[in-house]
Amino acid sequence: MSTETAPTADRVAAPPPAGWEEARSRVYAVGLAAALPAVARPLVDTDGSTLAEPLTTRTDLPAFPTSSVDGWAVRGDGPWRVVGRVLAGSTPAPLTEDDTTVEIATGAMVPEGATAVLRVEESTTVEGLVAGTPRETPEWRKPGEEAYSGEELLPVGTPVDPAVIGLAAACGHDTLRVRRAPRAALLVFGDELLTAGPPSAGRVRDALGPAVPAWLRRYGCQVRPSDVVGPVADTLPAHVAALRSALASADLVCTTGGTMNGPVDHLHPTLEALGADYVVNTVAVRPGFPMLLARLSGHDGRVRFVAGLPGNPQSAIVALVSLVAPLLAGLQARSMPVLPHATLTEAVPGRGDHTHLALVRLDRAAGTASPVRHVGSAMLRGLAGADGFAVIRPGTSGKTGDRVPIVPLPLLPGERAS
């Protein structure tokens, strides 16, 4: 990366903003092209990561016939003479004689030679002999009933959650090859920001410094406390130094504020100084249009990304769901996020030739989306009560009863939407 400082000449006019859907596709593609390397991790350390190779079984599932009930493994028509007992975790001797039985526990291996398993509650014992009528449906699980040895159960790109971890363990795996988690950092720009206490004397409280790292973690990123820096002084040298330092260890650096071209907006000249190229420079979406994503190649050949989030809090979150979410999906070699749909319970206005992302609360059982209040770009009250954003495409408005795409807010790693 270049270390030259930015020139002070007049800035070149910015290109027209990218369409919202085009921007999402573009950043996903560059993320996928720079997908993070695969690493082997113990199962307990894989929650929230992404499979880098298919999950296959190392054995049949189950590997041997197992009783699905407590009862008697019998041979012949009975009544049966008891010749032993089988508990889970042991290997039983074969049943070699007709009209013999062994007591068997749920999950225990069915002995070779058994013709049926009789439920204990449907049996009687008289003078040491067991009697009863086994059900027609076998009361054991057959080898390979769930999967055969070597069968592919989940493809590359599957997010790892507790259910996947359990399945991998059942298949006999101790480790999984997964994409390593993206490392992210945050630079907060703005001399007007306070980091403690209530707003006063023309200065406002920084709401993004505490919040953005939590959002990034929900997208599967690693963010350490030392990776959050700011407020960075409103000078070009301070911006260049802070961004260069963050890029040394991070795959993605998010910045807040400074995405316009005002007198103390230094992000664009900082990116120029570091030799970055724009993937997206402004997006035709409201709120949040002055968002950007830039790409840099380090001396080690590794690609890093800078996501410029607007300084207004809700606009910054719009930038996260619009650019950062698809980028991270690509970096983790996951599929492009598919947007669910919901039915609007109220009208939502359009925003002319821009896409409108409108905060909504979802009723997943009813499949509906209801607009929330307090949704100005500088407000967070509406966001705190919302589940995501309704997508109102350019040149349209959302009418009551319309089915519209929804951009959900991120869940915790491993958590499934209801």
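In this predicted model, strand S15 is a good place to begin, since its residues alternate in direction: Ala-184, Leu-186 and Val-188 point one way from the strand, Ala-185, Leu-187 and Phe-189 point the other way, and all of them are buried. Counted for the strand as a whole, 6 of the 6 residues of S15 are buried, and the strand is accordingly described as mostly covered.

From here the reader can turn to the strands that pair with S15. With S19, the strand S15 pairs in the parallel sense over 5 bridges, and within this pairing Leu-187 stands opposite Thr-255 of S19. With S18, the pairing of S15 is again in the parallel sense and runs over 3 bridges, and here Leu-186 has Val-228 as its bridge partner in S18.

These three strands also lead to helix H4, because the buried residues of H4 pack against S15 (184-189), S18 (228-232) and S19 (252-256), among other elements that include helix H5 (267-273) and the strands S22 (292-297) and S23 (303-309). The residues of H4 that are buried are Leu-236, His-239, Val-240, Ala-242, Leu-243, Ala-246 and Leu-247.

The helix itself can be followed from its N-terminal end, which is capped by Thr-235, a side-chain oxygen of this residue lying 3.2 Å from the backbone nitrogen of Ala-238. As for its length, H4 comprises 12 residues, 236-247, and at 1.5 Å a residue these should span 16 Å; the C-alpha atoms at the two ends are 16 Å apart, so the expected span and the distance in the model agree.

Key. Residues are numbered from 1 along each chain as its sequence is written. This is a predicted model: local features need pLDDT of at least 70, side-chain atom pairs count only at pLDDT 80 or more; totals for chains, interfaces and linings use all residues. Side-chain values use heavy atoms; hydrogens and water are left out. Helices (H or I, at least four residues) and strands (E, at least two) are DSSP runs, numbered from the N terminus. The expected span of a helix is 1.5 Å times one less than its number of residues. Buried means under 20% relative accessible area, exposed over 50%, partly exposed in between (1.4 Å probe, protein chains only). Contact means heavy atoms within 4.5 Å. A polar contact is a pair of N or O atoms within 3.5 Å; within protein, one must be able to donate a hydrogen and the other to accept it, and residues adjacent in sequence count only if both atoms are side-chain atoms. Two strands pair if DSSP finds at least two bridges between them.
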